[in-house]
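Hello! Here are my notes on the helix packing in this model, set out as numbered points. Please read them with the structure open beside you.

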Amino acid sequence: MRARLFRLLRLALWCASALAIGTVGSVAWVRTAAHGYVYDEADVPAAPVALVLGAEVYDNGSPSAFLAARLDIARRLYLAGKVRAILVSGDHGRWEYDEPGASLNWLTARGVPITKVVLDYAGFDTYDSCVRATKIFGVDRAIVVTQSYHIARAVTVCRRVGVDAVGVGDSTVKHFRVDWAQSGNREHGACVKAVLDVVSGRDPVFLGDHETGVEEALRA
């Protein structure tokens with residue numbers, strides 16, 4: 001019994017060490033790959049499209065503070081002429097929950113023409129959003145917009161799946177300290193998932209035919 005417990009303890013320690021090494025390595029890979037591609041809003045180079053990654057929408061259909069902050073950056077980039085179209089990607093897996101629709105309403109209520117906003121209803125995670133941006137919507141160059149704790153991973157994943165991406169991260173919602181800290185802590189595990197997604201080259205949950213929404217928005 002003592003020998004068995006010792007073997008189990010040794011296995012547990014080995015697994016914990018492997019997990020720690022994998023996590024540290026994944027975070028380092030993400031940050032290294034994004035180095036030089038994350039900018040302040042004022043300095044980010046222009047691109048045809050802003051890709052806004054989804055975040056929580058409240059029960060009343062309005063964007064959470066985190067999503068609204070992302071959308072406000074995209075709105076300002078559009079008004080400044082840094083982008084000519086905005087692709088809002090998010091979760092609409094249930095009819096009553098609609099991140100892209102809420103994003104569209106928020107943007108158009110604040111002066112962005114509806115013809116300049118394109119909706120991706122199947123951006124269930126960062127990897128899916130990036131892959132669908134290029135494979136479904138034909139985006140080859142974009143400014144990715146999300147929170148600053150997430151931006152390195154978002155830029156890295158997008159660049160690894162074929163989008164020439166730079167990024168702008170928001171920190172204005174940092175005063176939501178608990179949510180910010182929890183989200184930042186989850187990034188460690190999310191970086192491991194990002195490595196596995198990129199290495200496996202998995203398909204997103206939904207693929208499909210090419211959609212012309214981005215092309216039409218750029219022509220509008």
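Contact, in these notes, means heavy atoms within 4.5 Å. Helices (H or I, at least four residues) and strands (E, at least two) are DSSP runs, numbered from the N terminus. This is a predicted model, in which local features need pLDDT of at least 70 and side-chain atom pairs count only at pLDDT 80 or more, while totals for chains, interfaces and linings use all residues. Residues are numbered from 1 along each chain as its sequence is written, and side-chain values use heavy atoms, with hydrogens and water left out.

1. **The cover on α3.** Let me begin with helix α3, which spans residues 99–108. Eight of its 10 residues are buried, so to speak of α3 as mostly covered is fair (buried means under 20% relative accessible area, exposed over 50%, partly exposed in between, with a 1.4 Å probe and protein chains only). The buried residues are Glu99, Pro100, Gly101, Ala102, Ser103, Leu104, Trp106 and Leu107. Among the elements that cover them are α2, β3 (85–89) and β4 (117–120).

2. **Helix α2 by itself.** Its 15 residues, 65–79, should span 21 Å at 1.5 Å a residue, and the end C-alpha atoms are indeed 21 Å apart, in agreement. The expected span here is 1.5 Å times one less than the number of residues in the helix. Because 11 of the 15 residues are buried, α2 is largely enclosed by the rest of the structure. Phe66, Leu67, Ala68, Ala69, Arg70, Leu71, Ile73, Ala74, Arg75, Leu77 and Tyr78 make up that buried set. If you check backbone torsions, look just after α2, where Gly81 has a positive phi of about 80°.

3. **How α2 meets α3.** Two packed helices are described by the angle between their axes and the distance between the axes. For α2 and α3, the axes come within 10 Å and cross at roughly 50°. (Axes are lines fitted to C-alpha atoms, for helices over the stretch in contact, and angles run from 0 to 180 degrees between N-to-C directions.) That crossing makes α2 oblique to α3; angles under 35 degrees count as roughly parallel, over 145 as roughly antiparallel, 65 to 115 as roughly perpendicular and the rest as oblique. The crossing of α2 and α3 is right-handed. A crossing is left-handed if the near helix is turned anticlockwise from the far one by less than a right angle, and right-handed if clockwise. On the α2 side, Leu67, Ala68, Leu71, Asp72 and Arg75 take part, meeting Glu99, Ser103, Trp106 and Leu107 of α3. By class, this contact has five nonpolar, one polar and three charged residues. (Ala, Val, Leu, Ile, Met, Phe, Trp, Tyr, Cys and Pro count as nonpolar, Asp, Glu, Lys and Arg as charged, and the others, Gly among them, as polar.)

4. **Helix α4 and its partner α5.** Helix α4 (residues 126–135) is also mostly covered, with eight of its 10 residues buried. β2 (49–53), β3, β4, α5 and α6 pack against those buried residues. The axes of α4 and α5 come within 9 Å and cross at roughly 40°, which makes α4 oblique to α5. Their crossing is right-handed. Thr126, Tyr127 and Cys130 of α4 make the contact with His150, Arg153, Ala154, Val157 and Cys158 of α5. Sorted by class, there are five nonpolar, two polar and one charged residues.

5. **The α5 and α6 pair.** Which angle do α5 and α6 pack at? Helix α5 (residues 148–160) and helix α6 (residues 177–200) pack at about 15°, with axes 9 Å apart. That makes α5 roughly parallel to α6. Their crossing is left-handed. The contact includes Tyr149, His150 and Arg153 of α5 together with Trp180, Glu187 and Cys191 of α6. Its classes are seven nonpolar, four polar and three charged residues.

6. **Two residues worth a click.** Glu187, in helix α6, counts as buried at 10% relative accessibility. Leaving out residues up to four places away in sequence, Glu187 touches Tyr149, His150 and Arg153. Val166 sits in strand β6 (residues 164–170) and counts as buried at 11%. Ile143 is 23 residues from Val166 in sequence, yet their C-alpha atoms are 5.0 Å apart. Beyond neighbours within four places in sequence, the contacts of Val166 are Tyr37, Tyr39, Val44, Pro45, Ala142, Ile143, Val144 and Val155.
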